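Welcome! Here is a short guided tour for anyone meeting this structure for the first time. Take a look at the sequence and the model, and then read on.

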Amino acid sequence: VDRVQHEAELGLRMLDEITPEQRKALVKEYEDSKKAGDARIRDFLNNDADYTAFMTWEETKGERMQLDMGRGLFTNAGEPLTTQQEEQLIGVMQQVRKQPSTVPDLGKPENFDPTKLTQADIDRQLARYDANATAVAAQAAQFLSPKQLETLRAMQQQWRVMSESGLKMTSTMFGASPQPASK
């Protein structure tokens, strides 16, 4: 609870109009807080296997959230994912997300400055999302049925629309200078 609350507070502070030095200090505060929180969790769990399982769970929060929100699509399509398929899909999504990219991961505090989010940045983020979605679908085709794969693509499209809306809203709210969309 402390960890989530502190992350939320830092996230809100990152949205304020702050200087680059203040932003850098907040990123350091976040990193220090994360390290301290990790140490407290390791001590609390008092078991390396449990700690490793927790860290894996932490590192796949985004992927699990996407799947949790999209689970109903698979059920409604008549072919829900098995537990094994869910784990495989989460693993593939994480693996693809972690691939090196020249597009900054805005999920990392050190890469997120809403005051500098332009249309060109949004276009690059969406292109990266599209490339990642294609890579996930290609790998998922090895363990999903054709109908499940179609449902995955529908889920990915929903996430793309939500991501695009969120990026545009952030850009508008925090005054990034508008730039025409790239073609």
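What follows is a walk through the overall layout, a few helices, the core and two single residues.

**The overall layout**

Please keep in mind that this is a predicted model. The chain has seven helices and zero strands, so in order from the N terminus its elements read α-α-α-α-α-α-α. The C-alpha atoms fit a box of roughly 55 × 50 × 30 Å along the principal axes. Of the 183 residues in the chain, 34% are buried. Among contacts between residues at least 6 apart in sequence, 68% link residues at least 24 apart.

**The opening helices**

Let us begin at the N-terminal end, with two helices side by side in a table.

| Helix | Residues | Number of residues | End-to-end C-alpha distance | Expected span |
|---|---|---|---|---|
| Helix 1 | 2–14 | 13 residues | 18 Å | 18 Å |
| Helix 2 | 20–45 | 26 residues | 37 Å | 38 Å |

For helix 1, the distance between the end C-alpha atoms agrees with the span expected at 1.5 Å a residue. Helix 2 likewise comes close to its expected value.

Which residues of helix 1 are buried? They are Arg 3, Leu 10 and Met 14. Looking down the axis of helix 1, these buried residues fall within an arc of 45 degrees, so they line one face of the helix. On the face turned away from that buried side sit the exposed residues Val 4 and Leu 12. The cover over the buried residues of helix 1 includes helix 2 and helix 3 (48–59).

Helix 2 has its own buried residues: Arg 23, Leu 26, Val 27, Gly 37, Asp 38 and Ile 41. Their cover includes helix 1 and helix 3. After helix 2 comes Asn 46, which has a positive phi, near 55 degrees.

**Where helix 3 meets helix 4**

Two packed helices are described by the angle between their axes and the distance between the axes. The axes of helix 3 and helix 4 come within 5 Å and cross at roughly 60 degrees. The two helices are therefore oblique to each other. At this meeting, Trp 57, Glu 58 and Glu 59 of helix 3 contact Lys 61, Glu 63 and Arg 64 of helix 4.

Is Glu 63 buried or exposed? Glu 63 counts as buried because its relative accessibility is 3%, with the cut-off for buried set at under 20%. Leaving aside residues up to four places away in sequence, Glu 63 touches Ile 90, Met 93, Gln 94 and Arg 97.

**The nonpolar core**

In soluble globular proteins, nonpolar side chains tend to be buried together. Here the largest nonpolar core has 19 residues, and those with the most contacts inside it are Leu 67, Leu 89, Val 136, Ala 140, Leu 144 and Leu 152. Helix 4 (61–76), helix 5 (83–97), helix 6 (119–140) and helix 7 (146–173) each give two or more residues to this core. Ala 140 is a good place to zoom in: apart from residues up to four places away in sequence, Ala 140 touches Leu 89, Leu 149 and Leu 152.

**A residue in a loop**

Finally, visit Leu 15, in the loop between helix 1 and helix 2. Leu 15 is partly exposed, with a relative accessible area of 25%. Which residues does Leu 15 touch, not counting those up to four places away in sequence? They are Phe 112, Pro 114 and Phe 174. As for Gln 84, it stands 69 residues from Leu 15 in sequence and 38 Å from Leu 15 in space, C-alpha to C-alpha.

Terms used: Residues numbered from 1 in each chain as written. Predicted model: local features only at pLDDT ≥ 70, side-chain atom pairs only at ≥ 80, totals over all residues. Heavy atoms only, no water. Core = buried A, V, L, I, M, F, W, Y, C linked by side-chain atoms within 4.5 Å. Buried < 20%, exposed > 50% of the residue type's maximum accessible area, 1.4 Å probe, protein only. Helix = DSSP H or I, 4+ residues; strand = E, 2+ residues; numbered from the N terminus. Contact = heavy atoms within 4.5 Å. Expected span 1.5 Å × (residues − 1). Arc of directions from axis to C-beta. Axes fitted to C-alpha atoms, helices over the stretch in contact; angles between N-to-C directions. Parallel < 35°, antiparallel > 145°, perpendicular 65-115°, else oblique.
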